Amino acid sequence: MSMQDDDRGGGGRRIDDVESVELVFASFRRFQEEHLRFLSPDGLFIPSDDILPPSTVVRFRIRLPDDVVLLEGTGVVVWSRQTAEEGRPVGMAIRFVALGRQSKDLIDKLVRGWVAQGGAP
């Protein structure tokens, strides 16, 4: 995973600053195995040691090699976990604010499949 600040010049943060978060998975299957449990229709949890504060606007992209984009959109950090707990890694929860139709459709399909297999959304 890589996180990059959106550099808009100037010395201070502006209200319209947006952080960029990109997750890269080796395959779609790997994404499902490692990340599906962190996905819901309303948002996603991003396991990371690079935690952003609540209310931070985030432009996220989840992709495969060769720049095949699975999901992308904009969200807001709603909470974070600073200390790992059993089965719960350090990271931050992002609430979706804007998703393209393709991303929304894929999320809906993935979450329905996850729930059908006994997972919780």
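A pocket, in what follows, is an open set of points on a 1 Å grid over the protein atoms alone, with protein on both sides within 12 Å along at least five of seven lines, whereas a cavity is a set of points where a 1.4 Å probe fits but cannot get out; lining residues have an atom within 4 Å of a point. Grid points are joined across faces, edges and corners, and a volume is the space filled by probe spheres set on those points. The structure is a predicted model, so to speak of local features a pLDDT of at least 70 is needed, side-chain atom pairs count only at pLDDT 80 or more, and totals for chains, interfaces and linings use all residues. Residues are numbered from 1 along each chain as its sequence is written, and side-chain values use heavy atoms, with hydrogens and water left out.

First, the confidence. pLDDT is the predictor's confidence in each residue, from 0 to 100. The protein chain averages 85, and 86% of the residues score at least 70. Helices (H or I, at least four residues) and strands (E, at least two) are DSSP runs, numbered from the N terminus. Among these elements, strand β6 (residues 91–99) has the highest mean pLDDT, at 96, and strand β1 (residues 2–5) the lowest, at 40. Over residues 1–15 pLDDT stays under 50, and for this stretch the model has 26 contacts (heavy atoms within 4.5 Å) beyond four places in sequence. Where pLDDT is low, the predicted coordinates should not be read in detail.

Next come the strands, where a pair means that DSSP finds at least two bridges between the two. Strand β2 (residues 19–24) runs parallel to β4, with six bridges between them, and V24 has R63 of β4 as its bridge partner. On β4 and β5 the sense is antiparallel, over eight bridges, with L64 opposite V68 in β5. The hairpin of β4 and β5 has three residues between the strands, and there D66 takes a positive phi near 65°. Most residues other than glycine have a negative phi. D66 counts as exposed because its relative accessibility is 76%, the cut-offs being under 20% relative accessible area for buried, over 50% for exposed and in between for partly exposed (1.4 Å probe, protein chains only). From D66 to A26 the C-alpha to C-alpha distance is 10.0 Å, with their positions 40 residues apart in sequence.

S55 also has a positive phi, near 80°. This serine sits in the loop between β3 and β4 (57–64), and at 61% relative accessibility S55 counts as exposed. Another loop, between α1 (28–35) and β3 (43–47), holds P41. P41 counts as partly exposed because its relative accessibility is 42%. Its C-alpha lies 9.7 Å from that of D105, although P41 and D105 are 64 residues apart in sequence.

H35 belongs to helix α1. With a relative accessibility of 3%, H35 counts as buried. Leaving aside residues up to four places away in sequence, H35 touches L23, F25, R30, L44, F45, I46 and P47.

Finally, the pockets. The largest pocket holds about 360 Å³ of space. Its lining comprises 19 residues, and R37, F38, L39, F45 and W79 lie nearest the centre. At least two lining residues come from each of β3, β5 and β6. By class, this lining has eleven nonpolar, three polar and five charged residues; Ala, Val, Leu, Ile, Met, Phe, Trp, Tyr, Cys and Pro count as nonpolar, Asp, Glu, Lys and Arg as charged, and the others, Gly among them, as polar.

About 170 Å³ of space lies in the second largest pocket. F28, Q32, L36, L106, K109, L110, G113, W114 and Q117 form its lining. Helices α1 and α2 (101–116) each supply at least two of these residues, and α2 gives the most, with five. Sorted by class, the lining of the second largest pocket has five nonpolar, three polar and one charged residues.
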